[in-house]
Amino acid sequence: MKALGIEGTAWNLSVAVVDEKDVIVMFSDPYIPKEGGIHPREASQHHSERIGELIKKIFSVVPIEEIDVIAFSQGPGLGPCLRVVATVSRFLALKFNKPLVGVNHCLAHVEVGRWKTTAKNPVTLYVSGGNSQVIARRGNRYRVFGETLDIGIGNALDKLARYMGLSHPGGPKIEALARKGKNYYELPYVVKGMDFSFSGLVTAAQRLYDSGVSKEDVAFSFQETAFAMLVEVTERALAYLDLNEVLLVGGVGANQRLQEMLRIMCEDRGAKFYAPPKELMGDNGAMIAYTGLLMYKHGYVTPLEDSYAKPDFRIESVEVLWD
């Protein structure tokens with residue numbers, strides 16, 4: 001079986017076709033703002049202008065007749081962007097008489113990570129621009145055991161990068177600067193139980209930069225502090241749930257320092273660390289296609305009247321009927 005997946009929850013527009021074994025084809029066309037951060041209206045306009053061309057490219061490789069199900073990112077995400085994806089997905093399902101599956105974006109990150117690693121039942125650290133969560137499966141649902149109280153770690157990295165005059169996306173640029181940093185400056189370390197907060201950390205890092213500290217040392221100090229917070233909560237969940245696997249997913253998961261810190265923690269605890277290939281870390285159509293295919297094989301179909309955008313779609317609301 002083959003599934004077409006359309007992802008467009010935020011800045012990256014991506015379309016892919018997968019089967020049960022691998023990604024057959026994937027094309028992406030990210031929205032890059034000329035300045036500042038992501039503007040939802042401009043991002044949705046970009047998606048509406050480019051999505052037709054991406055789908056044409058996909059169908060030139062895999063004809064629509066070979067596709068068994070159409071999956072789309074239903075949420076969470078930016079409302080205007082989600083509506084573009086939902087509208088196009090409904091059109092394709094109606095025109096070509098294909099079943100439609102609305103996919104939870106967070107769930108797709110977890111499932112593509114499990115698909116492309118040997119992780120069976122991990123504690124998942126999901127880190128992206130819009131979200132940061134520690135997730136694990138209990139029974140037939142995934143549960144969030146810790147999450148950000150304000151902004152996602154990716155958003156925090158982007159805010160700091162913009163403040164220092166760096167263009168979007170800021171995460172990779174902060175990572176590159178941090179590798180050159182030599183001096184650590186203490187910044188607010190905000191962990192509250194199993195949750196964490198980044199907005200105060202961003203403000204403190206901005207003030208540090210204003211005081212004359214180099215970009216490299218600010219980036220280094222910020223990363224070390226923020227990532228230590230994430231690793232602490234992940235380790236606590238690992239101990240609480242008595243599990244022995246950690247899976248890192250989401251766009252910020254491509255950061256080598258975060259991977260290193262999690263790997264060290266796992267080695268200390270006798271746990272295994274997993275991360276999918278870099279091209280499947282950030283938002284991508286393949287993760288939507290694969291999760292949609294998995295759901296369809298287990299009886300999920302989204303009626304047209306229920307295929308609306310869900311900007312606040314929580315992973316806990318999805319019943320998981322597969323192993």
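## Strands, a hairpin and a helix pair

In strand β11, V246 is the bridge partner of V123. This is a predicted model, in which local features need pLDDT of at least 70 and side-chain atom pairs count only at pLDDT 80 or more, while totals for chains, interfaces and linings use all residues. Residues are numbered from 1 along each chain as its sequence is written, and side-chain values use heavy atoms, with hydrogens and water left out.

**Exercise 1. Find which strands pair with β6, and in which sense.**

Step 1. Begin with β11 (residues 245–249), which runs parallel to β6 and is joined to it by four bridges; two strands pair if DSSP finds at least two bridges between them. Strands (E, at least two residues) and helices (H or I, at least four) are DSSP runs numbered from the N terminus.

Step 2. Turn to β7 (residues 132–138), which pairs with β6 in the antiparallel sense over four bridges, with V134 of β7 standing opposite L125. Four residues lie between β6 and β7 in the hairpin that they form.

Step 3. Continue to β8, which pairs with β7 in the antiparallel sense over six bridges, and where R143 stands opposite A136. In this second hairpin two residues lie between the strands, and G139 takes a positive phi near 70°.

**Exercise 2. Decide how many residues of β6 and of β8 are buried.**

Step 1. Apply the cut-offs: buried means under 20% relative accessible area, exposed over 50%, and partly exposed in between, with a 1.4 Å probe and protein chains only.

Step 2. In β6 (residues 123–127) five of the five residues are buried, so this strand is largely enclosed by the rest of the structure. V123, L125 and V127 point one way and T124 and Y126 the other way, and all are buried.

Step 3. In β8 (residues 141–147) five of the seven residues are buried, so β8 too is largely enclosed by the rest of the structure.

**Exercise 3. Work out which strands stand at the edges of the open sheet of five strands.**

Step 1. Write down the order, which is β3-β2-β1-β4-β5, with mixed pairing.

Step 2. The edges are β3 (23–30) and β5 (100–104), each with a single partner strand, so one side of each is left without a neighbour in the sheet. From one strand to the next the twist averages 20°, where angles run from 0 to 180 degrees between N-to-C directions and axes are lines fitted to C-alpha atoms, for helices over the stretch in contact.

Step 3. Check one pair: β2 (residues 12–19) runs antiparallel to β3 and is joined to it by seven bridges, and the bridge partner of N12 in β3 is P30.

Step 4. Add helix α2 (residues 79–96), which packs on the sheet and touches β1 (2–7), β4 (69–75) and β5; contact means heavy atoms within 4.5 Å. The direction of α2 makes about 160° with that of β4.

**Exercise 4. Describe how helices α7 and α8 meet.**

Step 1. The axes of α7 (residues 215–241) and α8 (residues 256–269) come within 10 Å and cross at roughly 35°.

Step 2. List the contacts: residues of α7 including F227, V231 and L238 belong to the set that meets α8, where the partners include L258, M261 and M265.

**Exercise 5. Establish how many disulfides the structure holds.**

Step 1. With a disulfide taken as a pair of cysteine sulfur atoms within 2.5 Å, the structure holds zero.

Step 2. C81 is in no disulfide, since the nearest cysteine sulfur, that of C106, is 15 Å away. At 0% relative accessibility C81 counts as buried, and C266 also counts as buried, at 1%.
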